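Here are my notes on one sheet and one loop residue. Please read them alongside the coordinates.

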Amino acid sequence: MIARHMVTAAALALVAAQASSQAPQGTTDWSRAEPVTVELSNFKFSPSAIQLKQGRAYDLRLANMASGGHDFSAGEFFAAARIMDADRAKITEGRVAVAAGKSVDIHLVAPAPGTYKLRCTHFMHSSFGMTGEIVVQ
Ligand SMILES: [Cu+2]
């Protein structure tokens with residue numbers, strides 16, 4: 001009787017262990033993030049209208065094709081999106097600095113539908129046309 005009880009308890013413990021080893025709900029498999037490349041150049045983003053779908057995971061690759069620095073400033077978007085832990089430090093005050101010829105990857109889950117503003121904050125760049133938008137559907 002006691003032995004049988006112990007077997008049952010062991011079986012229950014095994015089930016509990018299996019359940020807890022599974023990923024908790026809401027965890028994103030970042031290896032499946034869809035790549036989206038945005039090129040930064042003098043003085044534009046291309047594409048200038050970045051189309052994303054709500055709730056989907058993306059690897060947003062910001063590639064600076066120019067010989068000078070640019071940034072990708074989208075404070076409202078980054079505040080609303082869920083950013084992968086390891087990539088959070090790449091965003092300062094809502095913008096990502098990208099050095100000449102370099103690229104930076106930001107893994108994120110697209111936020112609520114809407115149109116989020118994008119610009120380069122380098123002196124005069126946005127007046128030269130370095131603006132865009134992130135459209136989440
Ligand atoms: Cu710029």
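1. Start with Asp59, which stands opposite His107 in β8. The model is predicted, so read this pairing as a computed feature of that model.

2. The strands behind this pair are β4, residues 57-64, and β8. They run antiparallel, and seven bridges join them. As general background, strands of a sheet pair through backbone hydrogen bonds, either parallel or antiparallel.

3. β8 spans residues 103-109 and also pairs with β6. The sense is antiparallel again, over two bridges. Which residue of β8 is the bridge partner of Arg82? The partner is Val109. For Ile83, the bridge partner in β8 is Leu108.

4. Now the whole sheet. It is open, has five strands and shows mixed pairing. The order is β2-β1-β4-β8-β6. β2 (44-46) and β6 (82-83) stand at the edges. Each has a single partner strand, so one side of each is left without a neighbour in the sheet.

5. Next, the loop between β7 (95-98) and β8, where Ala100 lies. Is Ala100 buried or exposed? Ala100 has 12 other C-beta atoms within 10 Å. The cut-off for exposed is 12 or fewer, so Ala100 counts as exposed.

6. Ala100 still has contacts from elsewhere in the sequence. Leaving aside neighbours within four places, Ala100 is in contact with Asn64, Ala66, Ser67, Gly68 and Gly69. Met65 is 35 residues from Ala100 in sequence. In space the two are 6.8 Å apart, C-alpha to C-alpha.

Definitions and conventions
Residues are numbered from 1 along each chain as its sequence is written. This is a predicted model: local features need pLDDT of at least 70, side-chain atom pairs count only at pLDDT 80 or more; totals for chains, interfaces and linings use all residues. Two strands pair if DSSP finds at least two bridges between them. Helices (H or I, at least four residues) and strands (E, at least two) are DSSP runs, numbered from the N terminus. A residue is buried if 20 or more other C-beta atoms lie within 10 Å of its own, exposed if 12 or fewer, and partly exposed in between; C-beta atoms are placed from the backbone. Two residues are in contact if their C-beta atoms, placed from the backbone, lie within 7 Å.
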